[in-house]
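Got your viewer open? Let's take a short walk through this one, one selection at a time.

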Amino acid sequence: MITPPGLILALDLIRAPVLAETMRRQPLLPSHDILVLLRIAGGCPETIANAVRATGESLEFIREAVVLYLQQVLLFPDADSYRILGICEDAPQSTIREHLHWMMRWLHPDRNRNSWETVFACRVLSAWEDLKSPQRRTEYDRRKGNRALIGSRVWKGNPRRVGVPW
């Protein structure tokens, strides 16, 4: 059985958490690879069983690795709505809905009482609001483009190069 690329990255990240920053800067995996991770986090028995067979790792270790990957690579503070939902900018609405479904199965406060994951659920729902219809998506893309332009005009330097202490 072939191990999905997203699962390999999640296992790499849990073994070397320092990779998180590098993984954030990389383009997202294809939606179907992210979906495997979302289904594991959401508790899909078939996907979990396949992951255990493919990797030889325990269910607990796989789930911990997947959750860490999703939190660090999709749900980090500066992530845009596309990354939060684990989709590319040209993803069809059906893919957005499916990713939302599995993310909420994982994060919904009725299923998961972890307070951090409630915060992540709010971020996911906010991203869904940005992208849930073609009209909202177009408006979000326009706002996102304006922010990128404004940001590029305001600051182009690296704070570490000019001696800013953080």
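What covers the buried residues of helix 3? Keep in mind that you're looking at a predicted model. Select residues 31-42 to light up helix 3, then bring in its surroundings: the cover includes helix 1, helix 4 (45-55), helix 5 (59-74) and helix 7 (93-107).

Next, stay on helix 3 and colour its buried residues: S31, D33, I34, L35, L37, L38, I40, A41 and G42. That makes 9 of its 12 residues, so helix 3 is largely enclosed by the rest of the structure.

Want to try your ruler? Click the C-alpha atoms at the two ends of helix 3, and you'll get 16 Å. At 1.5 Å a residue, 12 residues should span 16 Å, so the two values agree.

Now add helix 1, residues 5-15. The axes of helix 1 and helix 3 come within 7 Å and cross at roughly 60 degrees. To see where they touch, show side chains for P5, G6, L7 and A10 on helix 1, which meet D33, L37 and I40 on helix 3. Sorted by class, this contact has 5 nonpolar, 1 polar and 1 charged residues.

Is H32 buried or exposed? Select H32, which lies in helix 3. Its relative accessibility is 56%, and because the cut-off for exposed is over 50%, H32 counts as exposed. While you're there, pick I87 too: H32 and I87 sit 55 residues apart in sequence, yet their C-alpha atoms are 9.2 Å apart in space.

Last stop: G43, just after helix 3, where phi is positive, at about 90 degrees.

How values were computed. Residues are numbered from 1 along each chain as its sequence is written. This is a predicted model: local features need pLDDT of at least 70, side-chain atom pairs count only at pLDDT 80 or more; totals for chains, interfaces and linings use all residues. Side-chain values use heavy atoms; hydrogens and water are left out. Axes are lines fitted to C-alpha atoms, for helices over the stretch in contact, and angles run from 0 to 180 degrees between N-to-C directions. Helices (H or I, at least four residues) and strands (E, at least two) are DSSP runs, numbered from the N terminus. Contact means heavy atoms within 4.5 Å. Ala, Val, Leu, Ile, Met, Phe, Trp, Tyr, Cys and Pro count as nonpolar, Asp, Glu, Lys and Arg as charged, and the others, Gly among them, as polar. The expected span of a helix is 1.5 Å times one less than its number of residues. Buried means under 20% relative accessible area, exposed over 50%, partly exposed in between (1.4 Å probe, protein chains only).
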